[in-house]
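Me: Could you take a close look at the aromatic pairs and salt bridges in this chain, and tell me where their partners sit? I'd like the cut-offs spelled out too.

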Amino acid sequence: MSVTVLLLLLTLCAQGGYGEEKEEAQRPGHVSVVIVGGTGDLAKKYLWQGFFHLYVNQVSSGNTFSFYGGGLSPADTATPLLFEILKAVSCSKDISQERCALLKEQFLRLSQYRQLKTLEDYQDLAKHIEKQLQEEGMTEAGRLFYLSVPAFAYADIADKINGSCRPTSGAWLRVVLEKPFGHDLRSAQVLASQLVSSLKDEEMYRIDHYLGKQVVAKILPFRAENKKFLDPIWNKHHIERVEIVLKETLDVKGRIPFYDQYGVIRDVLQNHLTEVMTLLTMRLPMNLSSNEEVTQNKLRVISSILPLGKNQAVIGQYQAYKSEVQQELNKTKDHNTLTPTFAAVLAHIDEAQYEGVPILLISGKMLDERVGYARILFKNDIFCLQSHNSVHCKPKQIVFYFGHGSLKYPAILVSKNLFKPVLADGEWKEVTEHADVSVLGLPVSDYYVQTPTKEREAYAELISHIFAGRKNSFISTENLLASWDLWTPLLNGLSSSFPRIYPGGADNGDMLDIRLKGKDISYNSEVVIINPDQMGGTSANGFQVMQGKFRSDDMVSAWAEELVERLAADMQEVAEAAVRESGVFHLALSGGSTPLALFHRLALHHFSFPWRDTHVWMVDERCVPLSELESNFYTLHNHLLQHVRIPYFNIHPMPVHLNHRLCVEEDGGAQLYEKEVSSLVNGSSFHFVLLGVGYDSHTASLFPGTKVDELGERLVALTESPDKPHQRMSLTFNAINRAQRVALLVMGKGKHEVITQLSRVKDNPVKWPVTGVKPANGKLVWYLDYDALLG
């Protein structure tokens, strides 16, 4: 994400943050709570208990309540189910049995089930609430809708709430949304746009229950309270690595219809673990209660993470998962699934503070224990020659322990060879008596340990925040989209990868151990259990890189990953030769999605690329501001330029935005770019030009029907695209064909048809624009992946 787009996003930030945020002023009155999906699994396990906890805490505050369990089933069927759930709620230990019995009786009396299926059902609910308010002479404080339903139903329900259930007279409306918030970046954008048509941003509460965990909520306050100890060591010189881990022992039986569409990365890493990572690595806000500052700092961290590709992840699947899928989805025995139930991802933050520090995000089902934690492991610069058990030579680490595992309770642990943490408030206490257990390689007695004075369940905590109007523990639209922008390329890259099969539990042994090598991650052991059903078909390793001819020019062909590796290596070879010969390398890059894998390869693997001596030019640009997602330069900056050390004055975006106008002929943008090329590039001959090919055979922004002859000797011209945005700026064939090396990169089965047509047609740049690419004194090489070449 570019800095410009980041700043634009921040102007839209929703209110909310971390720390002691001031609560929204609450007028006492009647509150209607509606759980849509009120007899579902989440409601049964957590939500009703959380709302009962809210009721107990607010019963003497001047507020009155009504609770509705809503669902698709008729009331006569679902009402008994609801009341069985309600009877199971419990009080905290500090409430007497007599008082608890009274509170439960009142809670049940205030609760009812309502069918919420049609617009009429929502209208009837609104009439019922209004009637109750009038009959009992109550002032309405607000309405809280908790959507514990599949995400595909959000937009329709939000529309019904907006159309029929909005409160009047200044009362508030709050609508709570459960993850998943989309399946990838595009679906998240669509869902966000649908919701905003019905609900105001301040009315939406996207819940991530991890942010309600007391240890997670304490991360920023802990960093602030211990700033004088942490500031000197919270950097690349002292941190060896960061680990954020969520291990589970259970399988996913009963959740297969959901889980098989999402998998562990979407279910856990994209949301829970990413949120924890941002809290650990974001710049500490000056004011913990400022949601705007917290959101800005979180967005800055996410935008600084190096691109995640296939080499930054390993995936696995527990052995019984396939048969569970076949059973629950009614699939045949030959049905296979590539959905990962285990993943380990290696991230790096491209900021000076954390440069080179590996950040591991790991989660999986059917592992050896149930535990969640974030560990900051520090480098130890002390060598103990004889006293190897000295405290100075033991691991130096801070552990944010979410719960379960050997310790059993949530805690923050600081190894005693680091510092003694501050105990700043009465909500946390120091643990001085320890059980005989170890936590991540150290006896618990070797840590300073802090734990909450009173443990609170995450959903109950977040429900209290919703009621109070505090948005400090919820996911903003901006953070959501930034996270999907980070994870979607990895998910796409892994979509056809076979996960390692593991037996589950203690039998996993060392099968899931991982090895870090530079910025890559891999399994440490090559011993795997092979699923015989995954052995069919052609293996990617069955083809090596193939060279030949295409349209009389050189061709390189391979599977996509190997093809990108070869192109990146060829580009670096040309770059190094140019720098040796002339001290500079002029590189012109095209837009679109095809070169993204190449950009990631260059950013993550080609550390010796001569970026300091490279000038980057644009082959073409859409006539939109450079800060917009559609801009080719925005894509180039987001996926490559911000991750390499190239002098900013060596970067040459096309001037499509002049005089507050876009691509107006009189502004002379094309002539300005041509003049810049002519003055800096010897003979206007780029050393390397990277092009793609569209489905209609266009290349650069030279489309079928472009009157090539009218462009004459011009190097840069304004052109028209059949697709929006229609206006473009592009290098001409005259500029492209002066280049010393031109690479045409074509990938994906969708391009097979145009490649087949191009293999048969004669040169006709007006009809088939790419056939006009004919370097006069240079070399053209086609880079075709097997999908494009063979279909």
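Reply: Here's a walk through the ring pairs, then the charged pairs, with a bit on the whole chain first.

This is a predicted model, so local features are kept at pLDDT of at least 70 and side-chain atom pairs at pLDDT 80 or more, while totals for chains, interfaces and linings use all residues. Residues are numbered from 1 along each chain as its sequence is written, and side-chain values use heavy atoms, with hydrogens and water left out.

The chain has 23 helices and 33 strands (DSSP runs numbered from the N terminus: H or I with at least four residues for helices, E with at least two for strands). Its radius of gyration is 30 Å, close to the 28 Å that the globule rule gives for 791 residues, so the chain is as compact as a globular protein of that length. That radius is taken over C-alpha atoms, and the rule is 2.2 Å times the number of residues to the power 0.38. Of the 791 residues, 55% count as buried (under 20% relative accessible area; exposed is over 50%, partly exposed in between, with a 1.4 Å probe and protein chains only).

Now the rings. Phe, Tyr and Trp (its six-membered ring) pair if their centres lie within 6.5 Å; planes under 30 degrees apart are stacked, over 60 edge-to-face, and the rest tilted. The count by that rule is 27 aromatic pairs. One of them is Phe-550 with Trp-782, edge-to-face at 4.8 Å centre to centre and 70° between the planes. Phe-550 belongs to strand E21 (residues 546-550) and Trp-782 to strand E33 (residues 779-785), so this pair ties together parts that are 232 residues apart in sequence. Both Phe-550 and Trp-782 are buried.

Trp-559 and Tyr-786 also make an edge-to-face pair, with 5.3 Å between centres and 80° between planes. Here Trp-559 is in the loop between strand E22 (553-558) and helix H16 (560-582), and Tyr-786 is in helix H23 (residues 786-790), so the parts being tied together are 227 residues apart in sequence. Trp-559 is partly exposed at 23% relative accessibility, whereas Tyr-786 is buried at 3%.

Helix H16 turns up again among the salt bridges. That term means a side-chain nitrogen of Lys or Arg within 4 Å of a carboxyl oxygen of Asp or Glu, and the count is 34. Glu-565 bridges to Arg-601, with the closest N and O atoms 3.6 Å apart. Glu-565 is in helix H16 and Arg-601 in helix H17 (residues 596-605), 36 residues apart, so the pair links distant parts of the chain. Glu-565 is partly exposed, with a relative accessible area of 31%, while Arg-601 is buried at 19%.

Asp-570 and Arg-566 form another salt bridge, at 3.1 Å from N to O. They're four residues apart in helix H16, which means about one helical turn separates them. Asp-570 is buried at 11%, and Arg-566 is partly exposed at 24%. Elsewhere, salt bridges with shared partners join Glu-240, Arg-241, Glu-243 and Arg-375 into one network.
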